[in-house]
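User: Please take a close look at one part of this model, the place where two helices are held together by charged side chains, and set it in the context of the whole chain.

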Amino acid sequence: MEEKKNTEENQHHPFIAYHEELPPAHEDPLIRFLHRIIRITVKALAVLMVLVIMWGIGDVVFVLYTRLSEAPFFLLNINDLLETFGAFLAVLIAIEIFINIRLYLGTNIVPVKLVVATALMAISRKVIILDLDKLTPDYLLGIAAVVLGLGVSYWLIARERN
């Protein structure tokens, strides 16, 4: 019954869909007020994430400028490349988090596949920028277990939808 009500509401307002856990219409005025506050804070997080993305782009530009303007000019060593890749991936992860926030605000579906993909991208960034000289075997095994778990989770989620 509740799903039918949400579907009917969304047909009248196709661009406004609320998360089921935070319905805009609740019989208790306090709960309705608290849900409104949560939706406002999630919107504030979305704005802050856009600012973080813009800051991250500035950081990528700064890192590239700094590395390319030092002697030897216009050459990057492997550490510079890894640092640049890390900065790029951090921006991409921030964009994925923004998309997660946007989907949270705009649908009543939890984007599990996107959340797992974002986590996989974040751990991949970590793997790319690892300094293998400073790590213990336990740390590497832990990261390997996380990558494997997220990879299998993503594969199972993608397989289920097909």
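Analyst: Buried residues, meaning those under 20% relative accessible area (exposed is over 50%, partly exposed in between, with a 1.4 Å probe and protein chains only), make up 23% of the 162 residues in the chain. This is a predicted model, in which local features need pLDDT of at least 70 and side-chain atom pairs count only at pLDDT 80 or more, while totals for chains, interfaces and linings use all residues. Residues are numbered from 1 along each chain as its sequence is written, and side-chain values use heavy atoms, with hydrogens and water left out.

The secondary structure comes to five helices and zero strands, where helices (H or I, at least four residues) and strands (E, at least two) are DSSP runs numbered from the N terminus. About 11,700 Å² of the chain is exposed, and carbon and sulfur atoms supply 69% of that area; accessible areas come from the Shrake-Rupley method with a 1.4 Å probe, and for residues only the protein chains shown count as cover. Contact here means heavy atoms within 4.5 Å. Among contacts between residues at least 6 apart in sequence, 59% join residues at least 24 apart.

Now the charged site. A salt bridge is a side-chain nitrogen of Lys or Arg within 4 Å of a carboxyl oxygen of Asp or Glu, and by this rule the chain has three. Side chains of opposite charge can pair when their charged atoms come close. One of the three joins D80 and R67, with N to O at 3.1 Å. D80 lies in helix α3 and R67 in helix α2, so this pair ties together parts that are 13 residues apart in sequence. Both D80 and R67 are buried; R67 is counted so because its relative accessible area is 17%.

R67 also forms a salt bridge with E83, the closest N and O atoms being 2.7 Å apart. This pair again links helix α3, which holds E83, to helix α2, which holds R67, across 16 residues. E83 is partly exposed, with a relative accessible area of 38%. The remaining salt bridge is between D131 and K134, at 3.7 Å from N to O. D131 is partly exposed at 34% relative accessible area, while K134 counts as exposed at 68%. Salt bridges with shared partners join R67, D80 and E83 into one network.

D80 has a further partner through its backbone. Its backbone oxygen lies 2.8 Å from a polar atom of the T84 side chain. T84 is found in helix α3 and counts as buried, at 5% relative accessibility. Leaving aside neighbours within four places in sequence, T84 is in contact with V63 and L64.

The loop between α2 and α3 has two backbone features to check. Most residues other than glycine have a negative phi, and most peptide bonds are trans. The peptide bond from A71 to P72 is cis, with omega near -10°, and P72 is found in this loop. F74, in the loop between α2 and α3 as well, has a positive phi near 60° although it is not glycine. The F74 residue is exposed, with a relative accessible area of 68%.

Helices α2 and α3 also share nonpolar packing. A nonpolar core is a set of buried Ala, Val, Leu, Ile, Met, Phe, Trp, Tyr and Cys residues joined through side-chain atoms within 4.5 Å. The largest core has nine residues: V42, A46, M49, I53, V60, A87, V91, A94 and I101. The elements that give two or more residues to this core are α2 and α3 (78-106), and α2 gives the most, with five. Apart from this core lies another of six residues, among them V116, I143, L150 and I157. Within the largest core, V91 is a useful residue to inspect. Leaving aside neighbours within four places in sequence, V91 is in contact with I53, G56, I57 and V60.

Nonpolar side chains are found on the surface too. L45, V47, L48, V50, L51 and M54 form a nonpolar patch with about 550 Å² of accessible area together. V47 belongs to helix α2 (residues 29-69) and is exposed, with a relative accessible area of 52%. Patches are made of residues with over 30% relative accessible area and no salt bridge, like charges being joined within 9 Å and nonpolar side chains (Val, Leu, Ile, Met, Phe, Trp, Tyr) within 5 Å.

Methods
Polar contact = N/O pair within 3.5 Å; in protein donor to acceptor, adjacent residues only side chain to side chain.
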